[in-house]
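Reader: I have a structure open and do not know how to read it. Where should I begin?

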Amino acid sequence: MNVGVSSNFSLTNHLGQTVEDSDYRGSFMLVYFGFTHCRVVCPRALSKLSTVLDQLGEQSKLLEPLYITVDPQRDTPDVMRTYLEANYPRFMGLTGTQQQVEAVKQSFRVFASRKTDSNEPDGYTMPHTAIAYLIGPNGEYRTHFADNLDVEVIVARLKVILDQNQVDS
Ligand code: NI
């Protein structure tokens, strides 16, 4: 399936280090986009994907779970580190300048835009694409997982791909 997704980025991780997609060659990237103030969608997805990684056991070491913010104005490296280490410690957070984040959104074909909402912190929310992307060890798009999939389905699909990778290597 060619969905036109590529995995190019230059960002800053939640340890304050500059990272590019090429730094992850040799590993699979499991990439989810969101923002730390997200009330429902991100917590549900990050929790589910953390369970998936738990269930993969040793094979989870083949994966680099990345959480890329669509709200870099609030999601500084420190904010992301605090959020992820407390709640979803398997994930590394990535942020950047507005321009860098726009570029990675375009690369992954991710939609997100600011929406005024007086009930939200700072008066806005950021509706966003709720899809987890799997990028292969050569930086190639492999597949994606829609938000409505169960843990068991995602684990089964990942195992097929990761098993194949071990045969190849
Ligand atoms: Ni979210």
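Author: Begin with the term donor: donors are N, O and S atoms within 2.8 Å of the metal (3.2 Å for Na, K and Ca), and water is not among the atoms, so sites may look incomplete. Here the donor residues of the nickel ion follow the spacing C-x3-C-x85-H in sequence. This is a predicted model, in which local features need pLDDT of at least 70 and side-chain atom pairs count only at pLDDT 80 or more, while totals for chains, interfaces and linings use all residues. Residues are numbered from 1 along each chain as its sequence is written, and side-chain values use heavy atoms, with hydrogens and water left out.

Reader: Which residues are the protein donors of the nickel ion?

Author: They are Cys 38 through SG, Cys 42 through SG and His 128 through NE2, lying 2.0 to 2.2 Å from the ion. Cys 38 sits in the loop between strand S3 (28-34) and H1, and His 128 in the loop between strand S7 (124-125) and strand S8 (131-135), so the pair ties together parts that are 90 residues apart in sequence. The labels come from DSSP runs: helices are H or I with at least four residues, strands are E with at least two, and both are numbered from the N terminus.

Reader: Are Cys 38 and His 128 buried or exposed?

Author: Buried means under 20% relative accessible area, exposed over 50%, and partly exposed in between (1.4 Å probe, protein chains only). Cys 38 has 10% and is buried; His 128, at 14%, is buried too.

Reader: How many residues does helix H1 have, and which of them are buried?

Author: An α-helix has 3.6 residues a turn, so residues three or four places apart point the same way. H1 (residues 41-56) has 16 residues and reaches 23 Å from its first C-alpha to its last, close to the 22 Å expected, where the expected span is 1.5 Å times one less than the number of residues. Its buried residues include Cys 42, Ala 45, Leu 46, Leu 49, Val 52, Leu 53 and Leu 56. Just after H1, Gly 57 takes a positive phi of about 60°.

Reader: What is a nonpolar core, and which helix or strand gives the most to it here?

Author: In soluble globular proteins, nonpolar side chains tend to be buried together. A nonpolar core is a set of buried Ala, Val, Leu, Ile, Met, Phe, Trp, Tyr and Cys residues joined through side-chain atoms within 4.5 Å. The largest one here has 52 residues, and Phe 9 and Phe 108 touch the most other members. H1 gives the most to this core, with seven residues. Contact means heavy atoms within 4.5 Å. Beyond neighbours within four places in sequence, the contacts of Phe 108 include Phe 9, Val 31, Phe 33, Tyr 133 and Ile 135.

Reader: In what order do the strands of the sheet lie?

Author: Two strands pair if DSSP finds at least two bridges between them. Seven strands form an open sheet with mixed pairing, in the order S2-S1-S5-S4-S3-S8-S9. Strand S2 (18-20) and S9 are the edge strands, each pairing on one side only. S4 and strand S5 (residues 92-95) pair in the parallel sense over three bridges, and Ile 68 has Leu 94 in S5 as its bridge partner.

Reader: Where does Asn 13 lie, and what does Asn 13 touch?

Author: Asn 13 lies in strand S1 and is buried, at 3% relative accessible area. Not counting residues up to four places away in sequence, Asn 13 touches Val 19, Pro 77, Met 92, Gly 93 and Leu 94.
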